[in-house]
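Colleague: I'm new to reading models like this one. Could you walk me through the words people use for it?

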Amino acid sequence: MASTPNIDETQRPIENQPKQKSQAHDGLTVGGHTLASRLIVGTGKYDTLELMRDSLAASGSNAVTVAVRRERMYDRSGQNVLDYIDPSKYLLLPNTAGCYSATDAVRVAKLGREILRALENPGSNWVKLEVLGDSKTLLPDPVATIEACKTLVADGFAVLCYTSDDPIVARRLKEAGAASVMPAGSPIGSGQGILNPNNLQIILEYLKEDDPEYPVIIDAGVGTASDVSVAFELGADGVLLNSAIAHARDPIRMSVAMKYAAIAGREAYLSGRIPKRLYATASSPEEGVITSRPW
Amino acid sequence: MSEPITIQFNGKTLDVPAGTTVTELLHQAEIRSKLVVVEINQEIVPHEEHAVHHISAGDIIEAVTLVGGG
């Protein structure tokens, strides 16, 4: 009989099992919307809008982020991103990217809402809140983010809140009424993947403790497909990414990879992975072996 | 022709005839009004009011749309 070694409590395996059994291929419910795909993809940085359109389709995503910017004047040939996004296929999620104060973020969120209202896009009441603290790291300003979140929630917005992987800030944002807390895996556009899975796990534990359906979306930092799988294996409800697809050599193909990575990670999470062990466990039966052992 | 008034439109100084409406301003700038939201002095002017909202001298006007973003 194999004896189990005494494991020091500090050495205990990190638990990573779903608290509740959910259905496979279940949708992501966030901000009053249920999305069939758990991927939310960005629409920025593509070489052409045609490439963006085809990549969005290949990703299988149902919700896409967009930014709010000045319209160009006297530019009849000017293409608009909205000419390439079929509103019957995608929910538009406006962001407040580029805002460095709560006041600016609230202003931009309201502008985005008004555009979507005129387009009759059902996403009009939600926003991806992003209040940056620094243009080099694009890390969020936690104080301004919490302030803007409160203001927008009071104004009827469903706020999907970009934040760092700090569990305490994440908890504060949920308390502030965020429809989803969206911690970054690593800095925006860095492609470094998930740098601190332990913090993300603590965030998932804290925010879902008495509220297992509360959506936590990993936003930013994805570099390749395995990063998406890791996020879902940790128990994230969704992943939001842009650069990893848009700047891949073949964005359409990378979109396909991301789609399957999301399914793989989510299915693995729901399946309940085996614990990690230091030593091997034989897959073939011990009983009936005809050979002898050296030790 | 009425006297021109000076406004700021998307960061540029512009002279327009007094009495110009938001709809007329957008048309003149060749902007598709359905795809933009107009803000005057940081107050949103809803689409329904574009045709009846007259621009005043000194107004700071922004016409913003959605662009690709993450």
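Modeller: Sure, let's start where the chains meet: strand β4 (residues 63-70) of chain A and β5(B) run antiparallel and are joined by five bridges. Keep in mind that this is a predicted model, where local features need pLDDT of at least 70, side-chain atom pairs count only at pLDDT 80 or more, and totals for chains, interfaces and linings use all residues. Residues are numbered from 1 along each chain as its sequence is written, while chains are lettered from A and ligands numbered from 1 in the order in which they are written.

Colleague: What makes β4 of chain A and β5(B) a pair?

Modeller: Strands pair if DSSP finds at least two bridges between them. Here there are five bridges, so β4 of chain A and β5(B) pair. One of the residues involved is A:Val68, whose bridge partner in β5(B) is B:Leu66.

Colleague: How many residues of chain B are in contact with chain A?

Modeller: 22 residues of chain B are in contact with 32 of chain A; being in contact takes C-beta atoms, placed from the backbone, within 7 Å. On the chain B side, β5(B) gives the most, with seven residues.

Colleague: And what else does chain B contain?

Modeller: Chain B has one helix and five strands, in the order β-β-α-β-β-β from the N terminus on. Helices (H or I, at least four residues) and strands (E, at least two) are DSSP runs, numbered from the N terminus.

Colleague: How do you know whether chain B agrees with a compact globule?

Modeller: Check its radius of gyration, taken over C-alpha atoms, against the globule rule of 2.2 Å times the number of residues to the power 0.38. With 70 residues the rule gives a value near 11 Å, and chain B has 12 Å, so it agrees.

Colleague: Why is A:Ser271 called exposed?

Modeller: A residue is exposed if 12 or fewer other C-beta atoms (placed from the backbone) lie within 10 Å of its own, buried if 20 or more do, and partly exposed in between. A:Ser271 has 12, so it counts as exposed. You'll find A:Ser271 in helix α8 (residues 251-271) of chain A.

Colleague: What makes a nonpolar core?

Modeller: That's a set of buried Ala, Val, Leu, Ile, Met, Phe, Trp, Tyr and Cys residues joined through C-beta atoms within 7 Å. The largest one here has 97 residues, and A:Val239 is among those with the most contacts inside it. Helix α2 (residues 102-119) of chain A gives the largest share of this core, eight residues.

Notes: Two residues are in contact if their C-beta atoms, placed from the backbone, lie within 7 Å.
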